[in-house]
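Trainee: Could you walk me through how labels like these get decided? I'd like to see the reasoning.

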Amino acid sequence: MTKRYENGMKVRRAVLGDSHVDRAEAAKTGLDEAFQTLITESAWGTVWASDAITRRERSMLTLALLAATGNFDEIPMHIRATKRTGASMQDVIEAFQHVAIYAGVPRANHALKLARATYAEMEENDDD
């Protein structure tokens, strides 16, 4: 393992939680192992590991970018991560307001629908 991979795994666990990362690692196969390494080193070990902006700000940026580009599958995961990054529900609302103006109301509306469902699930299950 490279230093960047080790650091990426540490950051990934801090942001997403041990249970999420453990499930992802257990599900890893030969088909996606190289991809998982790439994500761990680049997304988590480089981008998320940078201290140039806060994790709260990174959460807001990530959620806005996911919504703006229509990559909705990861929005619930990143909503759950806000428990660890410090991004509040109001921060998420503000990020999606920007999406509505700069990327389109339908994308922001769908992202808000996912956020609403995820927050409700988190409250109901009191999980991460």
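Mentor: Let's take some salt bridges, some burial labels and one helix in this predicted model.

Trainee: What makes R12 and E25 a salt bridge?
Mentor: The closest N and O atoms of R12 and E25 are 3.3 Å apart. The cut-off is within 4 Å, so the pair counts. R12 sits in helix 1 and E25 in helix 2, 13 residues apart. R12, E25 and K28 are also linked in a network of salt bridges.

Trainee: Why is R12 called buried?
Mentor: R12 has 5% relative accessibility, and buried means under 20%, so R12 counts as buried.

Trainee: And why is E25 called partly exposed?
Mentor: E25 comes in at 24%. Partly exposed lies between the 20% and 50% cut-offs, so that label fits E25.

Trainee: How do you know that R80 and E121 form a salt bridge?
Mentor: Their closest N and O atoms are 2.4 Å apart, and the limit is 4 Å, so they qualify. R80 lies in helix 5 and E121 in helix 7, so the pair ties together parts that are 41 residues apart in sequence. E121 is partly exposed, because its relative accessible area is 33%.

Trainee: How do you know that the span of helix 4 agrees with what it should be?
Mentor: At 1.5 Å a residue, its 14 residues should span 20 Å, and the end C-alpha atoms are 19 Å apart, so the two agree.

Trainee: Which helices do the buried residues of helix 4 pack against?
Mentor: They pack against helix 3, helix 5, helix 6 and helix 7. Among those buried residues are L63 and L66.

Definitions and conventions. Residues are numbered from 1 along each chain as its sequence is written. This is a predicted model: local features need pLDDT of at least 70, side-chain atom pairs count only at pLDDT 80 or more; totals for chains, interfaces and linings use all residues. Side-chain values use heavy atoms; hydrogens and water are left out. Helices (H or I, at least four residues) and strands (E, at least two) are DSSP runs, numbered from the N terminus. The expected span of a helix is 1.5 Å times one less than its number of residues. Buried means under 20% relative accessible area, exposed over 50%, partly exposed in between (1.4 Å probe, protein chains only). Contact means heavy atoms within 4.5 Å. A salt bridge is a side-chain nitrogen of Lys or Arg within 4 Å of a carboxyl oxygen of Asp or Glu.
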